[in-house]
Amino acid sequence: MMQRKENGAQWLLLTAVFVIATCGLIYELVAGTLASYLLGDSVTQFSTIIGVYLFSMGIGSFLSRYFDKNLLAWFIKIELLVGVIGGFSAAILFVTFPMAASFRVILYALVTLTGILVGLEIPLLMRILQNKVEFKELVSRVFTFDYIGALLASLIFPLLLVPHLGLIRTSLFFGIMNVAVGWYLANHFKKELKQAAILKFSAIIILLLELVAFVFSENIMNYSETMNYNDKVVYAVSTPYQRIVITRNKRELRLFLNGNLQFSSADEYRYHEALVHPALSSVSNLKSVLVLGGGDGLAVREILKYKSVEKIILVDLDPAMTKIFSSQEMLRKINNNSLLNKKCTIENTDAFTWLKTNKEKFDAVVVDFPDPSNFSIGKLYSTIFYQLLKKAIATGGIAVIQSTSPYVAPKSFWCIDTTIQSSGLYTKAYHNMVPSFGEWGYIMAMPETEHHWFSKLPGDMKFINAGTMQQMFVFPEDMKAHEPLKINKLNNQALVNYFEEEWDKYQDM
Amino acid sequence: MQRRTFIQTALYTVAIGRLLGSCKPVKKIPGKILGASAKIGHLLRDGYKGEVRSVIQKKIVIIGGGVSGLSAARELTRNGISDFILLDLEEKAGGNAAYGVNNSSAYPLGAHYIPTPNNDLKEYLQFLQECNVIIGYDDQNLPQYNELYLCFDSQERLFINGRWQEGLIPHYGVPSTDIEQLNRFLRLMDNFRNQKGTDEKDAFAIPVCNSSKDEIFTALDEITMSEWMDKNGFNSEYLRWYVNYCCRDDFGTTYQKASAWAGIHYFAGRKGKGANAHHSDVITWPEGNGFLVNALKQKTGSNIQCDALAVKIKSLDEGLVVEYLDTKTNTLHRIEAEQCIVAVPQFVAARLLQDDKRKKLVHEKCKYVPWLVANLQLPSLYEGKGVELSWDNVIYNSNSLGYVDATHQLLQQNTLVKNLTYYLPLTNGDCSSARKDASNKTHAQWCELVLADLEKVHPGIRESVKEINIMLWGHAMMQPLPGIIHGNLLPQLAASINERIHFAHADIAGISIFEEAFYQGIAAARKIIQHSPISNT
């Protein structure tokens, strides 16, 4: 009778080993996968995370010698702790990722902590069981279950868990398993434990928390953007002004604002070179540049290629935009740390109101607003706006305005051209091909017509050369408007109507 | 699909919130009831007695700092007359064009827009050019309006048949027979707009006193708007709602009570044309007509005495005296003057003059409707299907006139916290009982009334609203009931007394619109400039 009970306890503890081993490896895989998603370069991420994890397990095993009494209670406590930390690890990593610089610290801290705790478990368990089972048997059984658990984890993780549960819920699910084992052990051995009630109570609280998080995470998933984007969402944040989402795949990183693609790292140079250089290379005495919108710092990166530039003011509404693009490592790599450049001053305020109070004049102005898809953005393409813009352009200066696609929306494109002209500026329209967007259009606006066109082109370009520069100003028939267009004013918002009409056809595809 | 799930979730959340809410005490909404100093004003009604503390001499006293009083002050100043004082009982002059300011924007507490001005109003256009509303004239001599002040698109929307449609004239889900009637009605109004009388005057002019006196038109002032519609076979529910909405909007009077002449004037009086504006366009500011009032005050500011409740006007053989209560110090003061412009509503004027016959006449004939204007500050708004948030947002078949988004005219892209100004003329029942009823309501009761109405189109507004300030206008405007505009009452009330006391107020014009008050002020000032010895020297 006694023997059977002992046996039961032994098998129970070995089952625990199995669960622990599975959970432990799952946390490691979650951390590795998440790091590859978020930081890219999966080989490096996986090998450093596996290394750190195994090393931390070693630390855990080493530390196990300092545990002398109440081993079972300690074992259960550690079980619960692993359940909490491992269970919430994916959620914590997703939430803290926007905090940029500290992300790696948090990532490796979590991996280390989980590793240490998991590393403690096996030695402790072996010592608990050492008087109940012969050593030879013990080692054999414990490690058998440990490795079977590991195999199971490594198979179900990519085949079942990630596709069906996603990372956050996978880690929560195993956190729940961990804690459940802890609770079961506390309950089963309540007579041998001093604080069984407290342990059981803590286990139930943690269990409830993780269950709530599990259910809630599903709720979030219902309307999270992961469904809307083809690629992995590596960053998503809602600011008071917009929804910023960054996705990545093997080839490229993409930025979406309110679901609209702003750039793809694969071909953004085509857009930003075309946006910046025709105007800036034609200004004789280029010292000060104003950028309206363009919080991604990519236009600024191109502007900084002109050594004569002494001052850049970037006005972007959303502080969250300029903050991530000046702090996130992978984004700083794309904009070449442009927003951190000493010449660049960032003003997080509304471009329209900023321009209204501005008294300064600039040699070049780069206007990089989102497309005029609604009334509030439509204001930024109105006569009043361009009248204010005109006042901000110095003699000999040129402004350039991103003006949506002249292929998809020729009326919208030429409506912007008409509106700028009606505000007393000369215009020069051009376009180029940006594979992620399609044919894209830009309009230069200037108080005078005479310029030394494209005379100061900098060297390091991937798209523009003397030939492409000429070609961009040629418009084929299907990019012309073929009808007189309305002027976009605050009180008619003609542009938004053209834009809706023209882009609507593309919405249902 | 995603969006729908989200909206459903949002609705369920709201519904659950409501269920839970029903067992909790109702959320107390911050804010207060503001009022056109009703308590102070009633001192006058109850007869104020006290000892006069000081006496000063002024050539002219203007009583009332609303649009007509300020316009009179501006006209005097323009003619080089500065020896006058304007008394206003409020902390800030401005009358019905009062406004408030919070950290989102300014917002109106009363009148909040002007339609495109008629092109024959020389003085008015000149004033608008002065304050940069008109920035020049095109080659056809049409005024070029400042696009910062022309109402931005989208201007108006109506919630009807479960959806926000563009514009206020019902069309979404409206049967074609009703649409035909609406069109016939609007064509008829276009005809009236262009019609002239045998006296070569516009059938419906602004100011109203410039309208043709042909009987064919003035007869319209003898019946109500709804009677006129019955006669002309306009029985469409949609059309009748729309006309009633218009009458309540401009006159605070239902179409069953408003004179048909006034009702038609709403449509036919507006014929302004700008280089960049049509007669149906409006000019507006976040602070509403507070912008215009500030412009009127610009050069006369130092002559304005606020917190000053005029309590008595007394004609003497030589000149007159005006006594006023300084409501800050609660002391009585006397002004000895030669001329006085009474730019207050007639029910106040009658009391100031202590003229019992006049009091009785006004009491019997002049009906002043109370209005509620509520300003809601709120960070987010659940939106239904259809047109996005516009400047003017009206709900079909609501008791209110809907609300205006005061942040609409701001240049910035996104206003995170909006100011919505909700308008409700209290036209149920007769004016004095509506007024009594209104003055007994608590802030919480008003909030409930406003929210219950807006909740129909914006579920969850109760939870998101941050503050509601209630402005109660006890006597917002005089109703243009049949017989008022073309009857003999107004000339009687408007006649100057002893060539010393002149009247200037929109209520003696018959309809309460900015232009009327503006011209009333000018006319009164000119009487003084032309007839008093001042201008002769």
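Which residues touch the most other members of the largest nonpolar core? They are B:Val61 and B:Ile63, in a core of 240 residues. The legends below describe close-up views of a predicted model.

**View 1. The largest nonpolar core around B:Ile63.** Helix 17 of chain B, residues 514–531, gives this core its largest share, with 9 residues. Leaving aside residues up to four places away in sequence, B:Ile63 touches B:Leu87, B:Ala310 and B:Val322. Its other contacts under that condition are B:Cys340, B:Val342, B:Ala343, B:Val344 and B:Leu352. A second core, separate from this one, has 61 residues, among them A:Ala90, A:Leu107, A:Val181 and A:Trp183.

**View 2. The crossing of helix 5 and helix 9 in chain B.** Helix 5 of chain B spans residues 176–194, and helix 9 of chain B spans residues 260–268. Their axes come within 8 Å and cross at roughly 85°. Because angles of 65 to 115 degrees count as roughly perpendicular, helix 5 of chain B is classed as roughly perpendicular to helix 9 of chain B. On the helix 5 side, the residues that meet helix 9 are B:Met189, B:Phe192 and B:Arg193. On the helix 9 side, B:Ile264, B:Phe267 and B:Ala268 take part. Sorted by class, the contact between these two helices of chain B has 5 nonpolar residues, 1 charged residue and no polar residues.

**View 3. A four-stranded antiparallel sheet in chain A.** The sheet is open, with strand order 1-2-3-4 and antiparallel pairing. Strand 1 (232–238) and strand 4 (260–264) of chain A are the edge strands; each has a single partner strand, so one side of each lacks a neighbour in the sheet. On average, neighbouring strands of this sheet are turned by 20° against each other, direction ignored. Strand 1 of chain A is joined by 6 bridges to strand 2 of chain A, residues 243–248, and the two run antiparallel. Within this region, A:Tyr235 is placed opposite A:Ile246, a residue of strand 2 of chain A.

**View 4. The contact between chain A and chain B.** Here 23 residues of chain A are in contact with 17 residues of chain B. On the chain A side, at least two residues each come from helix 7 (196–223), helix 12 (351–357), helix 13 (375–378) and helix 14 (383–391). By class, the side of chain A that touches chain B has 11 nonpolar, 8 polar and 4 charged residues.

Note on methods:
Residues numbered from 1 in each chain as written. Chains lettered and ligands numbered in written order. Predicted model: local features only at pLDDT ≥ 70, side-chain atom pairs only at ≥ 80, totals over all residues. Pairing = 2+ DSSP bridges. Axes fitted to C-alpha atoms, helices over the stretch in contact; angles between N-to-C directions. Parallel < 35°, antiparallel > 145°, perpendicular 65-115°, else oblique. Contact = placed C-beta atoms within 7 Å. Nonpolar A, V, L, I, M, F, W, Y, C, P; charged D, E, K, R; others polar. Core = buried A, V, L, I, M, F, W, Y, C linked by C-beta atoms within 7 Å. Buried ≥ 20, exposed ≤ 12 C-beta atoms within 10 Å, placed from the backbone.
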